[in-house]
Amino acid sequence: MSVAAPGQEGIRIEAVSHRYGDVAILDGIRIESRPGQFIALIGPSGCGKTTLLDIMCGIRKHQSGNVLVGGRPPVEGRADTARMFARDALLPWRTASANIDFALKARRRPGNHDAITAQLLEDVGLTGFADNYPSQLSQGMRQRVALARTFSLESDFLFLDEPFGALDAQTKLVLQEKLLSLWERTRSTVVLVTHDLGEAIALADRVVVMTARPGRILADVPIDLPRPRSVSALQKTRAYHDLYAQLWDSLEQATASARLHPGGNA
Ligand SMILES: Nc1ncnc2c1ncn2[C@@H]1O[C@H](COP(=O)(O)OP(=O)(O)OP(=O)(O)O)[C@@H](O)[C@H]1O
């Protein structure tokens, strides 16, 4: 189970740099998280957020520095990590429930898979759609299935790459609330890449702001808002708007860094 146990390790990224060919993408990235922490990663387009997430998942090998996830170097397909993308990436030939069941079997998760799947579909508001194929669901519904599948893995580490980026504002809000309530139960360590400052504030314990390429850490802003949170209620508070303004200023600085270093070669 992924509730952060005392002594369990989080994520440690030390002096990580990365280039694609001659182009510097990441430069001296340092992030340390305690287990169970929810981190949002924001920054201008192309600053290397996905590259950094790939490195944390072990999909891409960093070229310098050190990365430890749960005290171990990341390796693709590790049983204690899960990844979610902006597009649902469901298996189109499997129904909603069969997509979740596939993940449960792949991870050899013990327990009654039918019951676990039914509960997760209920958690994301899809009771009654278990037998629908992805092509019979809206984009928002497919992302709900993808969210249920991600949580079905009970992973200690979740890497979410703009999971709601392709959704309309209303659907996004609903899914953010679902994500929050699922995460409140598991308290996995989460790294969420997003362009949505409101999403970052509403969901995360801290927001790490990266500069334009080559991506460096520009700011690390704690989000000391009480939990459990309601995304829609938060948006009406002064604290939310103050944090939004603070992050917006940081992003403006991050973008200005692109004008100072056009082309991103370091
Ligand atoms: N496999 C690759 N080979 C060469 N260049 C790449 C590769 N993958 C990404 N890039 C480049 O590296 C830079 C960083 O890409 P990355 O996707 O990590 O940024 P990002 O911050 O996630 O961007 P966005 O916010 O637009 O999704 C971009 O300029 C991109 O074009």
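Which residues are around the ligand? In this predicted model, they are Tyr20, Ile25, Gly43, Ser45, Gly46, Cys47, Gly48, Lys49, Thr50, Thr51 and Arg213. The tour below starts with that shell and helix α1, moves through two open sheets, one of three strands and one of six, and ends with how helix α2 packs against α3 and α4.

**The ligand shell**

- Sorted by class, the residues around the ligand comprise three nonpolar, six polar and two charged ones.
- Helix α1 is the biggest contributor to this shell, giving three residues.
- Lys49 is listed around the ligand, and Lys49 is also among the buried residues of α1.
- Thr51 likewise appears in both places: around the ligand and among the buried residues of α1.
- Tyr20, another residue around the ligand, has valine 23 of β2 as its bridge partner.

**Helix α1**

- Helix α1 covers residues 49-57, and because eight of these nine residues are buried, the helix is largely enclosed by the rest of the structure.
- If you would like to find the buried ones on screen, look for Lys49, Thr51, Leu52, Leu53, Asp54, Ile55, Met56 and Cys57.
- Just after α1 comes glycine 58, which has a positive phi near 80°.

**The three-stranded sheet**

- This sheet is open, its strands are ordered β2-β1-β4, and the pairing is antiparallel.
- β2 (23-33) and β4 (64-69) are the edge strands; each has a single partner, so one side of each is left without a neighbour in the sheet.
- On average, neighbouring strands here are turned by 25° against each other, direction ignored.
- β1 (residues 11-20) is joined to β2 by seven bridges, and these two strands run antiparallel.

**The six-stranded sheet**

- The other sheet is also open, with the order β5-β6-β7-β3-β8-β9 and mixed pairing.
- Its edges are formed by β5 (81-84) and β9 (217-222), each of which pairs on one side only.
- From one strand to the next, the twist averages 15°.
- β8 and β9 run antiparallel and are joined by five bridges.
- Within that pair, valine 207 has valine 221 of β9 as its bridge partner.

**A closer look at strand β3**

- Why is β3 described as largely enclosed by the rest of the structure? The reason is that five of the five residues of this strand (residues 38-42) are buried.
- In a regular strand, side chains alternate between the two faces of the sheet.
- In β3, Phe38, Ala40 and Ile42 point one way while Ile39 and Leu41 point the other way, and all of them are buried.
- On the β7 side, four bridges join β3 to β7 (residues 189-193), and the two strands run parallel.
- Phenylalanine 38 stands opposite valine 190 of β7.
- β3 is also joined to β8 (residues 206-210) by four bridges, and this pair runs parallel too.
- Leucine 41 has valine 208 of β8 as its bridge partner.

**How helix α2 packs**

- Helix α2 (residues 96-106) packs with helix α3 (residues 113-123) at an angle of about 125°, and their axes are 10 Å apart.
- α2 and α3 are therefore oblique to each other, and their crossing is right-handed.
- α2 also packs with helix α4 (residues 139-152), this time at an angle of about 20° with the axes 9 Å apart.
- α2 and α4 are therefore roughly parallel to each other, and α2 passes α4 in a right-handed crossing.

**Two helix residues to compare**

- Is lysine 105 buried or exposed? This residue of helix α2 has 11 C-beta neighbours inside 10 Å, so lysine 105 counts as exposed.
- Lysine 105 and glycine 28 are 77 residues apart in sequence, and their C-alpha atoms are 39 Å apart in space.
- Threonine 117 belongs to helix α3, and because it has 22 C-beta neighbours inside 10 Å, threonine 117 counts as buried.
- Threonine 117 and serine 250 are 133 residues apart in sequence and 41 Å apart in space, C-alpha to C-alpha.

Key: Residues are numbered from 1 along each chain as its sequence is written. This is a predicted model: local features need pLDDT of at least 70, side-chain atom pairs count only at pLDDT 80 or more; totals for chains, interfaces and linings use all residues. A residue is buried if 20 or more other C-beta atoms lie within 10 Å of its own, exposed if 12 or fewer, and partly exposed in between; C-beta atoms are placed from the backbone. Two strands pair if DSSP finds at least two bridges between them. Axes are lines fitted to C-alpha atoms, for helices over the stretch in contact, and angles run from 0 to 180 degrees between N-to-C directions. A residue is near a molecule or strand if its C-beta atom, placed from the backbone, lies within 6 Å of it. Ala, Val, Leu, Ile, Met, Phe, Trp, Tyr, Cys and Pro count as nonpolar, Asp, Glu, Lys and Arg as charged, and the others, Gly among them, as polar. Angles under 35 degrees count as roughly parallel, over 145 as roughly antiparallel, 65 to 115 as roughly perpendicular and the rest as oblique. A crossing is left-handed if the near helix is turned anticlockwise from the far one by less than a right angle, and right-handed if clockwise.
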